[in-house]
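Please walk through the structure shown here, taking the helix packing, the pocket and the sheets in turn.

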Amino acid sequence: MTSIPEALLWCLSAGTAAAVVLAALSIRARGQRAGLRSRLSAAEERNSATLHSNTELSARLRATEAEIRHLSGTRLPDLTLALAHPHVPVPGLLDARFAGTETDQALNAVLEQVSDAITKERARVDAAAQSTLRGATTTIQALLYQLQSALQEMQHRYDDPNVAQDLLNADFLNEQALRRIQATGVVCGAWPGLTREDSYLAELVVGATSRLRGYERVQVSNQLRDPVAVVARAVEPVAIVVTELLANALHHSHRELPVTITLQQGNRGASVIVDDYGVGMHDDEIKAAMELLSGDEDLLLTQLGDPPRSGFASAGQLVRQYGFGVHVEPSPYGGVRAVVYLPGDPLLTVLDESAQPMSVMAPLPHRSAVPDRSSSVLPTGSATPPPAAAQPAPAAQPAPSYEAPAQQADGELPRRRRRKPVSELDESAPRTEPSPPRSPEETGSRWAALQRGTETGRAAAQSEPPRSPEGNAQ
């Protein structure tokens, strides 16, 4: 048997060991390569995620910058405009992804702070403007009242009809200026500036009508059952409100169309109903008018337009202060109907017509022979005189006229008694139709003659030579 040399065995052993070592090293290397590849893949994924996150952050940063530019360039200017004009919309977020996020909350906080700051500053500036206007209107109003008194004294002093007519025209123009100044002052928180005594509601309406251009178009129908009067503290405020409603009716209707006023008496008060045949108002205009007339909110001068329209705003201020109501709605005649409701308690009273007769310029009431006063809740201003037999009242007339003596039934208040002028009496041929209404010129002429006669009578009572009646207009 051939033996293997020992050296060869050692070589074989060494080669086997080396092969085992190499195999182990190869396996280890493959494992290390696999680990390296895994770590490299993870690193690549992390790098990709980092790049993606950086891309998202960059896009979000650009979107945030766009939102800030949108806030400063669009939302804030529109917000300042919407504070003055509520119908202007304020845009929302430019990117809907920010809705409900901290960015959205921060931007809304900026809007709220800017809105509060602008609102407070507007209120401060408007209060300063109102204070300035209030002082100016009070002074101008006092001067206009002095001018009115001076014009009235001149009407008594001069007997020339031409001079009297010029003075009446000047007085009427002064009345127009006084009405505008008065309304502006009331809007700014001023007192109406005039104190009156308890006045018949019909007289009050006629006085309000006389303050306006186009007064000859106004037709007043008195449907009151009782001699209803407005208490002294509310006479001028109610006159201002009725004047402004009439001014709106006259302005928005054709100069040849009438404006009707109806005085109605209810269970708990009285109403002045103004109807015109004009262009009417849209629903949004009526809504805006009712907001002004309610007087529920404090108004800024900048909310009244340019130039400011202070008519309804002044009426709303007085409605809130004195506790009566005004309602505006479409008229059945196609125009606008305005209703002024005066509660009997505490704004109305009933006067004694025998002690305080109604003016001849006021429209006569449309009363039945025996009015039903069982539901009347108006406070009584004087005691009721002894009753007498009732007789029918004359037919209803929309224009001022004279009324034959009327008596009252049991428990009734005295009715107005008027005598017809001597020139209108005709015993042989009693008139069956009412006389036509006088023109404004004739009414003014007769009123001037009455004033001159009163002045002459006072002078005679004081043992002074009476003034010459030459030139009196008849």
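In this predicted model, helix 6 and helix 7 pack with their axes 6 Å apart, at an angle of about 45°. An angle of that value is neither under 35 degrees nor within 65 to 115, and helix 6 and helix 7 are therefore oblique to each other. On the helix 6 side the contact is made by Ala-289, Leu-292, Leu-293 and Ser-294. Helix 7 contributes Phe-312, Ala-313, Ala-315, Gly-316 and Val-319. By class, this contact of helix 6 with helix 7 comprises seven nonpolar and two polar residues, and no charged ones.

Some of these residues appear again in the second largest pocket. Its volume is about 1,500 Å³, and 42 residues line it. Nearest its centre lie Ala-289, Leu-292, Leu-304, Arg-309 and Phe-312. Ala-289 and Leu-292 of helix 6 and Phe-312 of helix 7 thus belong both to the helix contact and to the residues nearest the pocket centre. At least two lining residues come from each of helix 1 (6-84), helix 3 (161-187), helix 5 (232-251), helix 6 (283-294) and helix 7 (311-322). The lining as a whole divides into 16 nonpolar, 14 polar and 12 charged residues. Charged residues are thus present in the pocket lining, whereas the contact of helix 6 with helix 7 has none.

The strands come next. Strands of a sheet pair through backbone hydrogen bonds, and the pairing can be parallel or antiparallel. One open sheet is formed by five strands in the order 2-4-5-7-6, with mixed pairing. Strand 2 (218-222) and strand 6 (325-330) stand at its edges; each has a single partner strand, so one side of each is left without a neighbour in the sheet. On average, neighbouring strands of this sheet are turned by 15° against each other, direction ignored. At the strand 6 edge, six bridges join strand 6 to strand 7 (residues 336-343), and the two run antiparallel. Within this pair, Val-326 stands opposite Val-340 in strand 7.

A further open sheet has three strands in the order 1-3-8, and its pairing is antiparallel. Here the edges are strand 1 (199-200) and strand 8 (348-350), each with a single partner strand, so one side of each has no neighbour in the sheet. Strand 3 (residues 228-230) is joined to strand 8 by three bridges. In this antiparallel pair, Val-230 stands opposite Leu-348 in strand 8.

One backbone feature remains. Most peptide bonds are trans. The bond that joins Asp-345 and Pro-346, however, is cis, with omega about 20°. Pro-346 has its place in helix 8 (residues 344-347).

Methods
Residues are numbered from 1 along each chain as its sequence is written. This is a predicted model: local features need pLDDT of at least 70, side-chain atom pairs count only at pLDDT 80 or more; totals for chains, interfaces and linings use all residues. Side-chain values use heavy atoms; hydrogens and water are left out. On a 1 Å grid over the protein atoms alone, a cavity is a set of points where a 1.4 Å probe fits but cannot get out, and a pocket is an open set with protein on both sides within 12 Å along at least five of seven lines; lining residues have an atom within 4 Å of a point. Grid points are joined across faces, edges and corners, and a volume is the space filled by probe spheres set on the points. Helices (H or I, at least four residues) and strands (E, at least two) are DSSP runs, numbered from the N terminus. Ala, Val, Leu, Ile, Met, Phe, Trp, Tyr, Cys and Pro count as nonpolar, Asp, Glu, Lys and Arg as charged, and the others, Gly among them, as polar. Axes are lines fitted to C-alpha atoms, for helices over the stretch in contact, and angles run from 0 to 180 degrees between N-to-C directions. Angles under 35 degrees count as roughly parallel, over 145 as roughly antiparallel, 65 to 115 as roughly perpendicular and the rest as oblique. Contact means heavy atoms within 4.5 Å. Two strands pair if DSSP finds at least two bridges between them.
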